[in-house]
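Hello,

Here is the structure we talked about handing over. Please open it and keep it in view while you read the notes below.

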Amino acid sequence: MTRNIAVIRGDGIGPEIVEQALRVLDRVAELYGHTFTYTDVDMGGNAIDKWGDPLPQEMLDKCLASDSVLLGAVGGPKWNEVPGPMRPEKGLLRLRAGMGVYSNNRPAKIWPQLSSASPLKQEIVDKGIDFLIVRELIGGIYFGKHETVTEDGEAVAIDELRYSESEIRRIGRIGFESARKRRGKLCSVEKSNVLDSSRLWKKVMHQLAAEYPDVELSDMLVDNCAMQIVKDPSQFDVIVTENMFGDILSDEASMITGSIGMIPSSSLGAGSRGLYEPIHGSAPDIAGLDIANPIGTILAAAMMLRYSFDLPQEADCIESAVSAVLDGGFRTADILPKDAAGCTKVGCKAMGSLIIENLRKG
Ligand code: NAD
């Protein structure tokens, strides 16, 4: 398989962590006989410095011409004073909008080797945490009309929450397709006991279920889901939900896994091209020190292989290598236990090299 990947190294630790992900991709390509080529794209603070714009059109066009986009992170204190529309993060928003990615997909997975980092009780963690939250990204209350009016002499704030059937159907399909590529269980989360938008959500999900007989669909109210994620996260495989519920639940889910440096995410729209990135930011406090954890970005590359390129074995190969390195006790500073017992502290580059050494064709 030949694929071109648009690579946004970004700011802060971005270039360091992306470099390790590319080294891993190169080795996977070698093992499985693929060709991955890379097109460098400037976005964020570095693009402001170079082009006076966080995402020049020409750079967005390179992303749109690629098979998928891999991003490190953007932003940093150097650009804090830049005016609103020219801020580094605006580049990211424009990229998401330009790519039309309406689905954000975030795995919550606890690596057994790091289970003590979870704030949950060990007996809950021991049952396993490995689920994916599929969040609608460009609709719902965040994109409805917002206004504050005066009524009877006091301020009244109104936020509109709208969803159309087609908006629900397209995110629903991502949920079903993702479940199909995992353990075949999809939980649709809504608030259908109160909200019309949720009643429509539930109806559309059940219509879609007829097209996916191999996926087991269940429904859950969002308040119950928030409780179940901390009570028994092992019950979930894929959760699909609307924008605001997904925003809140995905932060709750990343918290229970213990380390921000380990978590990848993907954003998808129509077609197979996606945007893949770690969930953390550019960590300017540790940039250039070769101590950042590259695993979130390396796992983002694995997600790209699984979801955009339909290469599940290659994705498994990367995830198994990460697991083997953790089994060997190797840790970057952010995931090193306080007493460091039985562990070896390694830097960003060394972590990348260890993962490469542990890649085995399955
Ligand atoms: P951050 O995620 O960059 O850092 C939070 C803390 O986690 C820091 O102590 C950092 O050192 C640590 N950390 C983060 N990633 C790490 C890694 N891979 N390995 C080890 N430690 C890691 O969040 P922040 O400090 O709030 O934001 C810094 C900059 O990043 C800001 O300019 C912000 O706007 C930007 N940001 C960008 C994105 C993105 O590009 N998608 C996302 C969030 C924040």
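**Ligand site and sheet**

An oxygen atom of the ligand sits 2.8 Å from a polar backbone atom of Ala283. Bear in mind that this is a predicted model. Ser282 also offers a polar backbone atom, 3.1 Å from an oxygen atom of the ligand. Asp285 uses its side chain: a polar atom there lies 2.9 Å from a ligand oxygen atom. On its own, the ligand has 810 Å² of accessible area, and the protein covers 67% of that.

The shell around the ligand counts 19 residues. Val74, Glu89, Gly281, Ala283 and Asn293 come nearest. By class, nine are nonpolar, six polar and four charged.

Now the sheet. It is open and has ten strands, with mixed pairing. The order is S2-S1-S3-S12-S11-S4-S5-S10-S8-S9. Strands S2 (35-40) and S9 (216-221) are the edges, and each pairs on one side only. On average, neighbouring strands are turned by 25 degrees against each other, direction ignored.

One pair to look at is S8 (residues 185-190) and S10 (residues 238-241). They run parallel and are joined by four bridges. In this pair, Cys187 stands opposite Ile239 of S10.

Helices pack on the sheet too. H3 (residues 57-64) touches S1, S2 and S3, and its direction makes about 145 degrees with that of S1. H10 (residues 295-308) touches S1, S2, S3, S4, S5, S11 and S12. The direction of H10 makes about 155 degrees with that of S12.

Best wishes

Technical notes:
Residues numbered from 1 in each chain as written. Predicted model: local features only at pLDDT ≥ 70, side-chain atom pairs only at ≥ 80, totals over all residues. Heavy atoms only, no water. Pairing = 2+ DSSP bridges. Helix = DSSP H or I, 4+ residues; strand = E, 2+ residues; numbered from the N terminus. Axes fitted to C-alpha atoms, helices over the stretch in contact; angles between N-to-C directions. Contact = heavy atoms within 4.5 Å. Near = heavy atom within 4 Å. Polar contact = N/O pair within 3.5 Å; in protein donor to acceptor, adjacent residues only side chain to side chain. Areas by Shrake-Rupley, 256 points an atom, 1.4 Å probe, with all protein chains shown as cover. Nonpolar A, V, L, I, M, F, W, Y, C, P; charged D, E, K, R; others polar.
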